[in-house]
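Reader: I've got this model open and want to go through it with you. Let's take it one question at a time.

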Amino acid sequence: MQPETAVVKVSAGAQPAAAEADTKMLINGVSVYYKAFRAIKEIDLPVYENRVTAFIGPSGCGKSTLLRSLNRMNDLIPGARLEGEVLLDGENIYAPGQDVVDIRRRVGMVFQRPNPFPMSVYDNVAFGLRLLGLRKKSVMDEIVERSLRAAALWEHVKDNLGQSGMALSGGQQQRLCIARAIAVEPEVILMDEPTSALDPVATLTIEDLIQTLKEKFTIVIVTHNMQQAARVSDFTAFLSMDDDRAGYLVEYGPTMELFTNPRKKLTEDYITGRFG
Amino acid sequence: MPTESVYAHVNLESNYRRRKILNAVMLSLTGLTVLVAVVPLVWITVYVVIKGGKYINWALFARLPAPMGAPGGGVLHAIEGTAVMVTLASVIAIPLALLGAFYLLARPNTSLAHGLRFSTDMLAGTPSIVIGLFGYAVIVVVQKHFSAFAGGIVLAIIMLPVVLRSAEEMLKLVPAEMREGALALGSPEWHAALKVVLPAAMEGIVTGVMLGIARAVGETAPLLFTALGNDNYEIGKIVRSGIRHHQSVGKILGQIFAQPADALPLTLWKYAQQPYQERVQQAWAVAFVLMLFALGINILARARLAYRRRKLYG
Amino acid sequence: MPRRKVLEDELKSLMGDIMRLGEKVNQAMLDAIEALKKRDIAEAERIIAADKEINALRFEIERTALVVIATQQPLAHDLRILASILDIAGELERMGDYAKGVAKINILMGDKPLLKPLIDLPRMVEIATNMLKDALTAFSNDDAEAARSIPQRDDEVDALYNQIYRELITFMIQDPKTIDQANYLLWAAHNVERLADRVTNICERTVFDATGEIVELA
């Protein structure tokens, strides 16, 4: 006789709002080719609104490629080609007639190495605003301040907005890049290993920032650091590489579930550090 | 598997001694090489300063040449000629070179890019006298007269590959993320190149441009066939005469470029061969001025870069 | 060669400590009942003193587990093992306290003889300690199936407890002078019963450890 068991899913309580989130982006059977080489194959994933979605996986599994397909940054690489569709609010961003400039405005990006432009802190943040055609100085000032505040950088730079962005410390540079990205009020922010070039303290600052940013934005983050994925994300997608070196999705789910009780052996081996 | 320690089989003391000796020998060798490289440089500098320095005077910069054999006079014509032709060459070559470099950066693997790279390399390797001949055939012969314009054009051709390839290298050093950062904000490609990548590569590009200008300033051979030389070249005179005849600015500018002109190295070359002592002395003075010029450009460029770096990196 | 030798060695050593702690607790309970049976006060005092070792080992396990969590950043199964080890170490320490409780009862009973020869209580202890032994084996083998079945044996323990209870109540009713003596024995039985209950908690941990599911094993 089998005893009665009451099964309680471990993470169900940890992410109460996860299930209630709307789908912001939908990756639908996406494969990306670089010339003849298939970098990622047939990936299906949702990206929920106002949630942090993390992509993890071993080097070369295509997580950056997948991330870059979300704002068509792969378009910049000669010979890159995408199959499938990426929906943003239900619309395929790869459909003919879609304006790539507009997509990148709606889906902003923060890069692995902090890349402030060689200009002042103010001009860095104003860069995207000027691109939009904003001319009014008073409005510009206000948005620059607001963005720097949101990126937790205002207190450090408010007395010297004219200093070069490149004169800041690494962590501050990355926050400047975040301020620059959010100034144009994107809907989604892609972060490609945003702390891999930073020291541990700056890393934690950025991680905290991500937690406050998700109230306003939808965030997708690629990280090598599994602890970081566990700390900052609500959902995690684990990608791995096939024999033909094409990246594919192994497992996707609420982060707490994936990190305490993964369904796939491969995920378990990867996150416990026994493979990859 | 041997259980004995590696130290049972080596003589550490003699090994260390040998290494120290070898190190000392190699270090002295490199020091010697530096000396060999520096000695001629210092020698030339000191020689030119001694030989030419004493003939430097105000007239040298302010006067046109005195008649053959007569003392006094200066090389104003050559200074102005060099200035006019190098300015023309820079105005033509630098934007072209930068545009070319940007093209190579944006589309590095097209056949046009390969062609561009190949032809600039060829051009950089072409003796400047050949380029002068080309200028002679294509401009001087067609226009039926020598001119500062023809000189400026050939100097531009000489500058172009130097600036282009160095600019390309410098642009390549700008992290790709910088350009992508701008593109990710919805920046069009030309805008990202101009507003972000170019400023980021500015230091190196300025150095390349300076090298190009220095190269153009020092050229003699191609000017023989194009600018020819002109003892009476004086911008002030052209401008004054233009104003007197109520000529338009364009017309006056045309005059400046239409005349044959002299240049510092050209003057040096001509004066040095003349039997008059005053001319030979002035040749040394010109050599000194050319050296000062090179030094000046260098100091200017470095000061600017140092200022920029301080501004950018605090 | 395993990719995370340090972590795996630590986990193996912690698992060994848990088994050691379990054996100590088991032995303490068996000894406590044996001493009660023989009314051996000196042995009871030794058992009470030995409980300190059990507590010390529990804290040692906790400390090590926390260091492993802090330094090795375990996730998934590794993390569940460590969480379970922390929990089970606590359970075992409490079980040790039950053994100590039986020894204390022995001392409290003083020089009075036993009300009756102990028969059901040693049987109860045998079942309970075997359950504990099997539960820890299941835990170390990550055996969810075994862990799910062990708590069923608690029914036998409960049945024996009820039997002892009724018997002692009968004594008390028949002769109120036996109330003290009977009560002491009832306490002893209660301690054993609680130990068996706590085995269920270990089994629940084992199921969690093996499958990631949090279950109530009745």
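Reader: Which loop of chain A does A:Ala152 lie in?

Author: Ground rules first: this is a predicted model, where local features need pLDDT of at least 70, side-chain atom pairs count only at pLDDT 80 or more, and totals for chains, interfaces and linings use all residues. Residues are numbered from 1 along each chain as its sequence is written, while chains are lettered from A and ligands numbered from 1 in the order in which they are written. Helices (DSSP runs of H or I, at least four residues) and strands (runs of E, at least two) are numbered from the N terminus. As for A:Ala152, its loop is the one between α4 (137-150) and α5 (154-157) of chain A.

Reader: What's the phi of A:Ala152, and how does the residue count for burial?

Author: Most residues other than glycine have a negative phi. A:Ala152 isn't a glycine, yet its phi is positive, about 60 degrees. For burial, the cut-offs are 20 or more other C-beta atoms within 10 Å for buried, 12 or fewer for exposed, and partly exposed in between, with C-beta atoms placed from the backbone. A:Ala152 has 19 such neighbours inside 10 Å, so it counts as partly exposed.

Reader: And B:Leu228, with its positive phi: buried or exposed?

Author: B:Leu228 has a phi near 70 degrees and isn't a glycine either. The residue lies in the loop between α9 (221-224) and α10 (235-244) of chain B. Its C-beta neighbours inside 10 Å number 20, so B:Leu228 counts as buried.

Reader: Which residues does A:Pro194 contact, leaving aside neighbours within four places in sequence?

Author: A:Pro194 is in the loop between β7 (188-192) and α7 (200-213) of chain A. It's buried, because 30 other C-beta atoms lie within 10 Å. A contact here means C-beta atoms, placed from the backbone, within 7 Å. By that rule, the partners of A:Pro194 are A:Val110, A:Gln174, A:Ile206 and A:Ile221.

Reader: How many residues of strand β3 of chain A are buried, and which residue is the bridge partner of A:Ile56?

Author: For β3 (residues 52-56) of chain A the count is 5 of 5, so the strand is largely enclosed by the rest of the structure. Both faces are covered, with A:Val52, A:Ala54 and A:Ile56 on one side and A:Thr53 and A:Phe55 on the other. Two strands pair if DSSP finds at least two bridges between them; β3(A) pairs in the parallel sense with β8 (218-222) over 4 bridges, with A:Thr53 opposite A:Val220. It also pairs in the parallel sense with β9 (235-241) over 4 bridges, and there A:Ile56 is partnered by A:Phe238.

Reader: Over what arc do the buried residues of α6(C) spread?

Author: Start with length: the expected span is 1.5 Å times one less than the number of residues, and the 21 residues of α6 (154-174) of chain C should therefore span 30 Å, in agreement with the 30 Å between its end C-alpha atoms. The buried residues of α6(C) are C:Asp154, C:Val157, C:Leu160, C:Tyr161, C:Ile164 and C:Leu168. They sit on the same side of α6(C), because their arc (taken from the directions from the helix axis to the C-beta atoms) is only 120 degrees.

Reader: What covers the buried residues of α6(C)?

Author: The face turned away from the buried side carries exposed residues, among them C:Asp155, C:Asn162 and C:Arg166. On the buried side, the cover includes α4 (120-140) and α7 (179-211) of chain C.

Reader: Which pair of chains shares the most contacts?

Author: Chains B and C don't touch, with their nearest C-alpha atoms 22 Å apart. The contact between chains C and A takes 21 residues from chain C and 19 from chain A, and helix α3 (76-108) of chain C gives the most to chain C's side, with 5 residues. The other contact takes 25 residues from chain A and 19 from chain B. Of the 2 pairs in contact, the one with the most contacts is chains A and B.

Reader: How far apart are the C-alpha centres of the two domains of chain B?

Author: An automatic or database domain assignment supplies the bounds, giving domain 1 (12-52) and domain 2 (54-313) of chain B. Their contact takes 5 residues from domain 1 and 7 residues from domain 2. Centre to centre, the two domains of chain B lie apart by 36 Å.
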